[in-house]
Amino acid sequence: MIGDWIDIGPTTQISPGNARTLPVQGGEEIAIFHTLDNQFYALVNKCPHKHGPLSQGIVHGNVVTCPLHSWNISLKTGEALGDDPLERGACVPTIPIREDAGRLYLKRDALVSAKAPEAAA
């Protein structure tokens with residue numbers, strides 16, 4: 001089962017209420033969030049609005065507020081939570097994450113699917 005998951009380090013590397021980033025070779029950078037209620041979430045590190053770095057946003061509950069234009073993004077679903085018509089349906093890809101024995105693991109195949117699209121030739 002561990003072969004399906006990538007060990008990204010100890011849970012202690014991210015203090016509660018904060019985030020860290022994880023580069024993905026050939027893919028989108030991932031933001032790993034640690035909430036104040038000791039939950040971990042992983043999202044592609046781009047707000048769906050103007051691609052702001054979500055890892056630099058404010059974490060409150062299970063939501064992160066984008067530092068560029070204050071869009072609220074659910075850490076659970078990746079969905080924008082506002083009432084603005086632009087926000088409806090906007091979503092950030094989520095990456096399955098789990099904790100086991102004080103270590104964090106990301107689902108390997110989800111990282112592959114989070115890779116950036118190939119540039120058109």
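**Reading a predicted fold: confidence, core and strands**

Student: Which element of the chain has the lowest mean pLDDT, and which has the highest?

Tutor: Helix H1 has the lowest mean pLDDT among the elements of the chain, at 74, and strand E3 has the highest, at 97. Here pLDDT is the predictor's confidence in each residue, from 0 to 100, and the elements are DSSP runs numbered from the N terminus (helices, H or I, at least four residues; strands, E, at least two). Over residues 116–121 the pLDDT is below 50, and this stretch has 3 contacts in the model beyond near neighbours in sequence. Where pLDDT is low, the predicted coordinates should not be read in detail. The chain as a whole averages 87, with 90% of the residues scoring at least 70.

This is a predicted model, in which local features need pLDDT of at least 70 and side-chain atom pairs count only at pLDDT 80 or more, while totals for chains, interfaces and linings use all residues. Residues are numbered from 1 along each chain as its sequence is written, and side-chain values use heavy atoms, with hydrogens and water left out.

Student: How many residues form the largest nonpolar core, and which have the most contacts inside it?

Tutor: In soluble globular proteins, nonpolar side chains tend to be buried together. A nonpolar core is a set of buried Ala, Val, Leu, Ile, Met, Phe, Trp, Tyr and Cys residues joined through side-chain atoms within 4.5 Å; buried means under 20% relative accessible area, exposed over 50%, partly exposed in between (1.4 Å probe, protein chains only). The largest core here has 30 residues, and Ile30, Ile32, Phe33, Leu54, Ile73 and Leu106 have the most contacts inside it. At least two residues of this core come from each of E3 (30–34), E4 (40–44), E9 (103–107) and H1 (108–113). E4 gives the most, with 5 residues.

Student: Which residues of E4 are buried on each side?

Tutor: In a regular strand the side chains alternate between the two faces of the sheet. Phe40, Ala42 and Val44 are buried on one side of E4, and Tyr41 and Leu43 are buried on the other. Thus 5 of the 5 residues of E4 are buried.

Student: How many bridges join E3 to E4?

Tutor: Two strands pair if DSSP finds at least two bridges between them. E3 and E4 run antiparallel and are joined by 5 bridges; isoleucine 32, for example, has alanine 42 in E4 as its bridge partner. The hairpin of these strands has 5 residues between them, and asparagine 38 in this hairpin takes a positive phi near 65°.

Student: Where does histidine 51 lie, and is the residue buried or exposed?

Tutor: Most residues other than glycine have a negative phi. Histidine 51 is not a glycine, yet has a positive phi of about 65°. Histidine 51 lies in the loop between E4 and E5 (58–60) and counts as exposed because its relative accessible area is 51%. Serine 70 likewise is not a glycine and has a positive phi of about 65°. Serine 70 is found in the loop between E6 (63–65) and E7, and is exposed, with a relative accessible area of 51%.

Student: Why does alanine 90 count as buried?

Tutor: Alanine 90 counts as buried because its relative accessibility is 14%. Alanine 90 is found in the loop between E7 (72–74) and E8 (97–100). Leaving aside neighbours within four places in sequence, alanine 90 is in contact (heavy atoms within 4.5 Å) with Pro48, Trp71, Gly78, Glu79 and Ala80.
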